[in-house]
Amino acid sequence: MKKLAFSLGILSAFLVNAQSIKTTIDLVNVKDDKVAVTMEFPNMKSGDVKFHFPKTVPGTYSVDDYGRFVEGIKFLDNKGKEIPFSKVNDNTYALKNAKNLSKVTYLVNDSFDDEMDTSKHKAVFSPSGTDIEAGKVYLINTHGFIGYIDDMQDVPYQLVIQKPADFYGTTALVDQDKSDATDTFTLANYAKVTDSPLMYTKPDYITFNAGGMDLVLGVYSPSGKYKAADFKDNLEKMVVAQKKFLGDMNTNKKYAIMLYLSGGDGPQIKGFGALEHHESTSVVLPEMMPKEAIDATITDVVSHEFFHTVNPLKTHSEEIHYFDYADPKMSQHLWMYEGGTEYFANLFQIQEGLITKEEFLKRMNEKIKNSKNYNDTMPFTVMSKNVLLDEYKDQYRNVYEKGALLAMCLDIELRKLSNGEMGYRDMIRKLSQRFGENKPFKDDKLIDELVTVTGYPQVKDFYNKYIAGSQPTPYAQYLNMVGVELKSQETPPIFWFIKDANQTGYDEKDNAFVFDESLALSPFAKSIGFKITDKVVALDGKTINIQNIQDFINYSKTIKEGQNVTVTVLRDNGGKAEKMDLKGKAILEKMTMETIQFKANPTPEEKKLQDQWLTGKK
Ligand SMILES: [Zn+2]
């Protein structure tokens, strides 16, 4: 196995000698959170040159325009003379008669500093963003630093990072020089560049082997609250379980995890989560989280990213295989890439004994509830194909809710059809054997391929109704097959700001309750002119902080119908937060809570299917 990696290294070294794009990122001379980048090119193929930064990158499903963060760009010929250019849009530069182009230099600003100001552009999701904080941390999502020339995307890159001698770079890439002042990496093409993030910090990392795979976990904790070693035991347990669940579907020999904890006097950011790559993942979480919560999140989120090594990273359609960074085309199959992956990230935990079956059911119930905040009759394939467009992008997050539930119902459908012999995992395994890294499938033929690999034409009926069609998925009907029943329960009337109180979020900087823009306001909130983007800082003068949330809820429970109440909010006014009081008479509302639970007396058939579903055994 080592031999294989070694010979690959040699091959890319040969490529470098032939022709490569030498890209230098200077982390030593950093001014005003800006980093200088130099790219040196081999001979141009033509005088008409287009130089791009990505409009979007795989896995993010949003238009981010990474060229926005670049300034002071200069194109130079082989004599060091500047070549005139025109800027086509945020991401693209056009040059004419530029056959002698040999170098481009520019400065890169980070995206983290911009995250809270969405007046000009939607924020970049933090795990695919960039952070430049001299002396502290450099989160280098390479697509935010490095561009490409049309027709030269397959030319190898030699990446040279000039770094403070006492900084360590967490990455899956292998450093090819011995110097403390530079790290040198060879990357086969631009796709490999964007697949290879790095995080430079004062050294805080651990390396270990789990499930036959070499792992490195690097941590940036601004206040020093956490060390990488704190998370080792949990991570190791998770990786062993996950490798066991995947079996021959995953062949990774190494994996790097960059854990960026946000807090202290660092930039204020809000995009918590992670982004997948073939051999690594970048994870961003709030540093204020207790250790147990970080451990649990690592189990959920890092496993999700690692399951992406199956799809879409390995098994995917042509849209992803031939990814167009300047004008991306989306696939119809986010239900599988994201939904199926999210389902795996939960299913492996029950099948490998990391969670109880009650906890598993609770999670699926949450997903059913959360999915109700989205359009349930919009075909998932349509949303997926159009996810970059404004009218669809707010539906994206349903991939983690309904997307996962679609995979669950298809899993149950397959189990039922095959008398428990085959499930969703088996189907994906067969698909990944038929297609792979170098063999994409045709996007509109996926369903036919799934019928072929499973041998069940009924899979297509399921797909046409619930995935490509507009019929809401009958969760209760599927769950019933595995001995699970739906129970509705009404709460007493309660006073709150949104219809589903469970969806309330917390903003630690402002000590305020915050709400996702997709959520529905309660009748009371509507009656006082509350806006979903308002942050609640007090109710009748009672302020909120993370320690006394229960006191606050207890107070809200004393409020009676028709009582006069004052809600103090922070309202965004052209980028400035304005404090104001909203007054009105309380309106209380009953909430229906739907829960799912295991039947006390399932039929023998239901019980058998349930066991097969939850254990993965035949
Ligand atoms: Zn994902």
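A salt bridge here is a side-chain nitrogen of Lys or Arg within 4 Å of a carboxyl oxygen of Asp or Glu. Keep that cut-off at hand for the exercises below, which all use a predicted model.

**Exercise 1. A salt bridge across the chain**

Task: Decide how Lys136 and Asp265 meet the rule, and find where each residue sits.

Solution:
- Step 1. Start with the distance: the side chains of Lys136 and Asp265 come to 3.4 Å, N to O. The cut-off is 4 Å, so the pair is listed as a salt bridge.
- Step 2. Now locate the partners. Lys136 lies in the loop between strand 8 (131-133) and strand 9 (137-140), while Asp265 lies in the loop between strand 17 and strand 18. The two residues are 129 residues apart, and the pair links distant parts of the chain.
- Step 3. Set the pair in context: a search of the whole structure gives 32 salt bridges.

**Exercise 2. Where two domains touch**

Task: Describe the contact between domain 3 and domain 4, beginning with their bounds.

Solution:
- Step 1. Mark the domains on the chain. Domain 3 takes in 318-477 + 600-615, and domain 4 covers 501-590; the division also includes domain 1 (1-190) and domain 2 (204-298).
- Step 2. Look at the spacing: the C-alpha centres of domain 3 and domain 4 are 36 Å apart. Domain 3 gives 4 residues to the contact and domain 4 gives 5 residues.
- Step 3. Turn to area. The two domains bury about 390 Å² between them, with 28% of it on carbon and sulfur atoms. On the domain 3 side, Lys369, Asn373 and Arg397 lose the most area to domain 4, together 72% of what that side buries.
- Step 4. Check for charged pairs. The rule finds 1 salt bridge across this interface. The side chains of Arg397 and Asp516 form a salt bridge at 2.9 Å, N to O. The count of residue pairs in polar contact between domain 3 and domain 4 is 1.

**Exercise 3. Reading a mixed sheet**

Task: Work out which strands stand at the edges of the sheet 15-16-17-19-18, and which helix packs on the sheet.

Solution:
- Step 1. Trace the order 15-16-17-19-18: these 5 strands make an open sheet with mixed pairing.
- Step 2. Find the edges. Strand 15 (205-210) and strand 18 (273-276) each have a single partner strand, so one side of each has no neighbour in the sheet.
- Step 3. Consider the turn: neighbouring strands are rotated by 15° against each other on average, direction ignored.
- Step 4. Add the helix. Helix 3 (residues 232-246) packs on the sheet and touches strand 15, strand 16 (213-220) and strand 17. The direction of helix 3 makes about 30° with that of strand 15.
- Step 5. Zoom in on one pairing. Strand 17 (residues 254-262) and strand 19 (residues 280-286) run parallel over 7 bridges, and Met258 stands opposite Ser282 in strand 19.

**Exercise 4. An antiparallel sheet**

Task: Say which strands are at the edges of the sheet 5-6-3-10, and what stands opposite His52.

Solution:
- Step 1. Here 4 strands form an open sheet in the order 5-6-3-10, paired antiparallel.
- Step 2. Strand 5 (86-87) and strand 10 (148-149) are at the edges; each has a single partner strand, so one side of each lacks a neighbour in the sheet.
- Step 3. Strand 3 (residues 49-52) and strand 10 are joined by 2 bridges, and His52 stands opposite Tyr148 in strand 10.

Terms used: Residues are numbered from 1 along each chain as its sequence is written. This is a predicted model: local features need pLDDT of at least 70, side-chain atom pairs count only at pLDDT 80 or more; totals for chains, interfaces and linings use all residues. Side-chain values use heavy atoms; hydrogens and water are left out. Two strands pair if DSSP finds at least two bridges between them. Axes are lines fitted to C-alpha atoms, for helices over the stretch in contact, and angles run from 0 to 180 degrees between N-to-C directions. Contact means heavy atoms within 4.5 Å. Domain bounds come from an automatic or database domain assignment. Buried area is the accessible area (1.4 Å probe) that two parts lose on being put together, summed over both. A polar contact is a pair of N or O atoms within 3.5 Å; within protein, one must be able to donate a hydrogen and the other to accept it, and residues adjacent in sequence count only if both atoms are side-chain atoms.
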